[in-house]
Amino acid sequence: MIDIGANLTNQRFHADLDAVLERARQAGVCRIIVTGTSERASTEALALARRYPDYLRCTAGVHPHDASSWNEASAAAIAQLARQPEVVAVGECGLDYNRMFSPEREQLRCFEAQLALAAELQKPVFLHERDAHDAFFALLKQYRPALKGAVVHCFTGTLAQMREYLDLDCHIGITGWVCDERRGDDLREAVKHLPLDRLMIETDAPYLPPRHVRPKPAANRNEPMYLGAVLETVAAIRAQPAPALAAQVRGNTEAFFGLR
Ligand SMILES: [Zn+2]
């Protein structure tokens with residue numbers, strides 16, 4: 001399995017990252033893509049990818065929460081990072097109208113600049129969308145023909161929204177949200193209808209620990225070692241054997257990010 005989104009630069013991993021990576025390997029995770037969410041986090045993600053070159057890759061981008069920080073200097077820094085061979089995608093970038101940590105206008109500007117960068121560098125985009133489907137879709141649609149690839153990470157929407165992304169030839173990243181029986185109904189319905197060649201999996205660690213894993217993760221911190229819980233839940237929903245699903249999803253991921 002490959003975890004396409006883990007926030008390993010988060011301070012909650014500072015003390016024991018080696019142990020976290022070892023547990024992930026033991027659990028069958030053969031590669032992890034570290035998410036870059038700001039200029040600082042993207043710089044740290046690249047440093048991690050260089051420290052563990054046989055195991056980690058990363059993305060470089062600015063999350064919509066941090067869109068207010070986007071300026072000429074950060075744009076140049078992200079572009080420089082994104083050119084490095086360890087950086088396999090531009091992002092995470094997108095729109096988040098759920099918490100509105102940055103104003104809408106600044107989110108749109110930051111998102112569009114990163115779509116343009118991804119098109120210029122011909123690297124895929126790692127996308128975040130929350131409660132912003134219409135505006136997000138409109139901008140993505142405009143840029144999609146110029147993009148090498150696009151994955152909507154941590155997809156939590158409806159079947160209808162997923163079909164719109166599939167119409168744009170997007171991949172869909174599924175997290176432990178799918179394991180949450182309190183709020184994952186729409187997502188589980190969508191996952192049933194997701195074409196097998198569009199599916200990728202991720203933990204979004206340290207966030208979104210799968211609710212059913214036992215023993216419960218210490219301090220409720222998610223880790224890449226729990227990626228198997230996401231895979232098994234998706235396999236159960238789709239009534240497919242988990243090992244075959246894992247092989248297909250890994251192939252999708254290697255092709256999408258050029259990992260072979
Ligand atoms: Zn996200």
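Visitor: Is His128 buried or exposed?
Guide: This is a predicted model, and in it His128 is buried, with a relative accessible area of 6%. The residue belongs to strand 5, which covers residues 125–130.

Visitor: Where does UniProt place the feature "binding site"?
Guide: The UniProt record, an unreviewed entry, puts that feature at His128 and His153. They span 26 residues in sequence, yet no two of their C-alpha atoms are more than 5.7 Å apart, so they gather at one spot. Both His128 and His153 are included in the lining of the largest pocket.

Visitor: And His153, where does that lie?
Guide: His153 is in the loop between strand 6 (150–152) and helix 6. At 2% relative accessibility, His153 is buried, because buried means under 20%.

Visitor: Which residues does His128 touch?
Guide: Leaving out residues up to four places away in sequence, His128 touches His63, Pro64, Glu92, Cys93, Gly94, Leu95, Asp96, Phe136 and His153. With that exclusion again, the contacts of His153 are Glu92, Phe126, Leu127, His128, Gly173, Glu202 and Asp204. Glu92 appears in the contacts of His128 and in those of His153.

Visitor: Glu92, then. What is the peptide bond from Gly91 to Glu92 like?
Guide: That bond is cis, with omega near 10°. Glu92 itself lies in strand 4, residues 87–96. Another cis peptide bond joins Ala205 and Pro206, where omega is about 5°. Pro206 lies in the loop between strand 8 (199–201) and helix 8 (227–238).

Visitor: You listed Asp204 as well. What is its phi?
Guide: Asp204 has a positive phi of about 60°, although it is not a glycine. Most residues other than glycine have a negative phi. Asp204 is found in the loop between strand 8 and helix 8, and counts as buried at 11% relative accessibility.

Visitor: What about Asp131, what's the phi there?
Guide: Asp131, also not a glycine, has a positive phi of about 55°. Its place is in the loop between strand 5 and helix 5. Asp131 is exposed, with a relative accessible area of 51%.

Visitor: Back to the pocket. How much space lies in the largest pocket?
Guide: About 530 Å³. Its lining is made of 22 residues, and Asn7, Thr37, His63, His65 and Tyr207 are those nearest its centre. Helix 2 (39–51) and strand 5 each supply at least two residues of that lining.

Visitor: Changing topic: how many aromatic pairs are there in the whole structure?
Guide: A search of the whole structure finds five. Take Phe136 and Tyr165: their ring centres are 5.8 Å apart and their planes are at 85°, so this pair is edge-to-face. The pair links distant parts of the chain, with Phe136 in helix 5 (residues 133–143) and Tyr165 in helix 6 (residues 159–167), 29 residues apart. Phe136 is buried at 0% relative accessibility, and Tyr165 is buried with a relative accessible area of 0%.

Visitor: What kind of pair do Phe256 and Phe257 form?
Guide: Theirs is edge-to-face, at 4.8 Å centre to centre and 80° between the planes. Both Phe256 and Phe257 are buried.

Visitor: Which residues form one aromatic cluster?
Guide: Phe111, Phe136, Phe137, Phe155 and Tyr165.

Visitor: Last one: which residue lies over the face of Trp177?
Guide: That is Arg183, at 3.6 Å from the ring centre. Arg25 lies over the face of Tyr55, at 4.0 Å from the ring centre.

Note on methods. Residues are numbered from 1 along each chain as its sequence is written. This is a predicted model: local features need pLDDT of at least 70, side-chain atom pairs count only at pLDDT 80 or more; totals for chains, interfaces and linings use all residues. Side-chain values use heavy atoms; hydrogens and water are left out. Rings of Phe, Tyr and Trp (its six-membered ring) pair if their centres lie within 6.5 Å; planes under 30 degrees apart count as stacked, over 60 as edge-to-face and the rest as tilted. Helices (H or I, at least four residues) and strands (E, at least two) are DSSP runs, numbered from the N terminus. Buried means under 20% relative accessible area, exposed over 50%, partly exposed in between (1.4 Å probe, protein chains only). A charge sits over a ring if NZ of Lys or CZ of Arg is within 6 Å of the ring centre and within 35 degrees of the ring normal. UniProt positions are given in the numbering used here, feature names are shortened, and annotations may be inferred rather than shown by experiment. On a 1 Å grid over the protein atoms alone, a cavity is a set of points where a 1.4 Å probe fits but cannot get out, and a pocket is an open set with protein on both sides within 12 Å along at least five of seven lines; lining residues have an atom within 4 Å of a point. Contact means heavy atoms within 4.5 Å. Grid points are joined across faces, edges and corners, and a volume is the space filled by probe spheres set on the points.
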